[in-house]
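This report looks at selected local features of one structure, taking a helix, some ring contacts, a ligand site and a buried acidic residue in turn. The sequence and structure are shown below.

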Amino acid sequence: MIVAPSILAADFAHLADAALAVEGAADWLHVDVMDNHFVPNLTIGLPVVRSLRRTTTLPFDCHLMITDPDRWAPGYAEAGAYNVTFHAEAADDPVGLAKTLRAAGSRAGLAIDRDTPVEPYLELLPHVDTLLIMTIKAGFGGQEFLPAMLDKVRTARRHAAGGHLELRIEVDGGIAADTIEQAAEAGADAFVAGTAVFGAEDPAEAVRHLRRLAEAAGGAAA
Ligand code: DX5
Ligand code: ZN
């Protein structure tokens, strides 16, 4: 089980402090890169990721909500990201890009936004390490979790199990204490949480609480 707090919900003037607050509790730090193009919102890019990389030992899970990831994503792998996830809707050559990312030293993730079905991408899963299923519409934190998206998680998990694929299935959007269990039961094993972690008084404790819930529910599902 992976719990990945999203710094989108943290204070952008104090990102290093946010990373520190969850170090030791979180598995990955989820970094939402938005370009005001693929999504209407604008966040941070490569220079911030490079600087932040020096402040924490937490592996970076970079979620690129950008157009033309074929051109821009490898830079994040070169900057030391552990996992680089690009959107299926934006990539011209997802398999080629996944190969490039792995060659550059990171894992490769494929993300599916709210309005995108998962079926057309199932055949690509052997080429990626992570499948990120949006449980909201990509672009903004603090939105309400969409339980209907869990059908995609179930479909992907069944497909991965049938093909004996080692695949992480990550859910992103509206993950909190009241939604994480159903996501774990559906077959997700990585959980992004922004508001539920950095909106909490004690972010590290919030991460630990989410992990306990996910482990109990995921164990019951298995
Ligand atoms: C939104 C981002 C999410 C966001 C989730 O497009 O991809 O990672 O931070 O925020 P919460 O957990 O508040 O829904
Ligand atoms: Zn994200």
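## Helix α5

Helix α5, which covers residues 150-162, has 13 residues and reaches 18 Å from its first C-alpha to its last, close to the 18 Å expected at 1.5 Å a residue. The model in which this helix is described is a predicted one.

Within α5, the residues Leu150, Lys152, Val153, Thr155, Ala156 and Ala160 are buried, and the buried residues of this helix pack against three strands, β5 (107-112), β6 (130-134) and β7 (168-172), as well as against helix α6 (180-186). The helix is followed by His164, a residue whose phi is positive, near 50°.

## Aromatic rings

A search of the whole structure finds one aromatic pair. The two partners are Trp28 and Tyr82, whose rings are tilted with respect to each other, with 5.7 Å from centre to centre and 50° between the planes. Because Trp28 lies in the loop between α1 (15-22) and β2 (29-34), while Tyr82 lies in the loop between α3 (69-78) and β4 (83-87), the pair ties together parts that are 54 residues apart in sequence.

The two residues also have their own accessibility values: Trp28 is buried, with a relative accessible area of 5%, whereas Tyr82 is partly exposed, with a relative accessible area of 29%. A further ring contact involves a charge, since the charged end of Arg53 sits over the ring of Phe60, 4.0 Å from the centre of that ring.

## Surroundings of ligand 1

There are 21 residues around ligand 1, and of these Ser6, Asp32, Asp172, Gly194 and Thr195 come nearest.

Polar atoms of both side chains and backbone approach the oxygen atoms of the ligand. An N or O atom in the side chain of His30 is 3.3 Å from an oxygen atom of ligand 1, and for the side chain of His63 the corresponding distance to an oxygen atom of ligand 1 is 3.2 Å. From the backbone, an N or O atom of Gly139 lies 2.8 Å from an oxygen atom of ligand 1.

## Asp189

Asp189 is placed in the loop between α6 and β8 (190-193). Its relative accessibility is 17%, and because buried means under 20%, Asp189 counts as buried.

A polar atom of the Asp189 side chain lies 2.9 Å from the backbone nitrogen of Ile169. When neighbours within four places in sequence are left aside, Asp189 is in contact with Met1, Ile2, Arg157, Leu167, Arg168 and Ile169.

Notes:
Residues are numbered from 1 along each chain as its sequence is written. Chains are lettered from A and ligands numbered from 1 in the order in which they are written. This is a predicted model: local features need pLDDT of at least 70, side-chain atom pairs count only at pLDDT 80 or more; totals for chains, interfaces and linings use all residues. Side-chain values use heavy atoms; hydrogens and water are left out. Helices (H or I, at least four residues) and strands (E, at least two) are DSSP runs, numbered from the N terminus. The expected span of a helix is 1.5 Å times one less than its number of residues. Buried means under 20% relative accessible area, exposed over 50%, partly exposed in between (1.4 Å probe, protein chains only). Contact means heavy atoms within 4.5 Å. Rings of Phe, Tyr and Trp (its six-membered ring) pair if their centres lie within 6.5 Å; planes under 30 degrees apart count as stacked, over 60 as edge-to-face and the rest as tilted. A charge sits over a ring if NZ of Lys or CZ of Arg is within 6 Å of the ring centre and within 35 degrees of the ring normal. A residue is near a molecule or strand if one of its heavy atoms lies within 4 Å of it. A polar contact is a pair of N or O atoms within 3.5 Å; within protein, one must be able to donate a hydrogen and the other to accept it, and residues adjacent in sequence count only if both atoms are side-chain atoms.
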